[in-house]
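Open the viewer and keep the selection panel handy. We will go from the whole chain down to a single side chain.

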Amino acid sequence: MHRFIQGDCLTVMRDMPDNTVDIVVTSPPYNIGIAYSDYTDDKTDEQYLDWMRQVSVQLRRIVKDDGHVFLNVSNTNVKPWIA
């Protein structure tokens, strides 16, 4: 069975049981000021890294031990340290 879920990742993942996800494919915001319709992409570096830490903790919790996470993070000229 395949299921695609769209929503705020932390809200959705916090409601998911442990070790139940086979694969996660995600491309999180890069925090470089892109104008999204429902997300503010201008956190401080500290806030952004804390948010990514929270996401990572939830991913580790919900993904099965033999599961996979595909995280798309690209380099930018605005904040080249992101990648």
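Start with the surface: turn it on for the whole protein, and bear in mind that this is a predicted model. The accessible surface comes to about 6300 Å², and carbon and sulfur atoms account for 52% of that area. Of the 83 residues, 27% count as buried.

Next, hide the surface and show the C-alpha trace. Along the principal axes, the C-alpha atoms fill a box of roughly 40 × 25 × 20 Å.

Now switch to a cartoon. You should find two helices and two strands, and following the chain along its sequence gives the pattern α-β-α-β. If you like contact maps, take the contacts between residues at least 6 apart in sequence: 70% of them join residues at least 24 apart.

For the charges, select the Lys, Arg, Asp and Glu side chains. There are 8 positive and 12 negative charges in the protein, and the mean positions of the two sets are 3 Å apart.

Finally, zoom in on one residue. Select β1 (21-26) and α2 (45-62), then the loop between them, which is where N31 sits. Is N31 buried or exposed? N31 has a relative accessible area of 2%, so it counts as buried, the cut-off being under 20%.

What lies 2.8 Å from a polar atom of the N31 side chain? Add K43 to your selection and show its backbone: the partner is the backbone nitrogen of K43. With a distance label on that pair, you have a polar contact on screen, as the two atoms are within 3.5 Å.

How values were computed:
Residues numbered from 1 in each chain as written. Predicted model: local features only at pLDDT ≥ 70, side-chain atom pairs only at ≥ 80, totals over all residues. Heavy atoms only, no water. Helix = DSSP H or I, 4+ residues; strand = E, 2+ residues; numbered from the N terminus. Buried < 20%, exposed > 50% of the residue type's maximum accessible area, 1.4 Å probe, protein only. Contact = heavy atoms within 4.5 Å. Areas by Shrake-Rupley, 256 points an atom, 1.4 Å probe, with all protein chains shown as cover. Charge placed at Lys NZ, Arg CZ, Asp CG, Glu CD. Polar contact = N/O pair within 3.5 Å; in protein donor to acceptor, adjacent residues only side chain to side chain.
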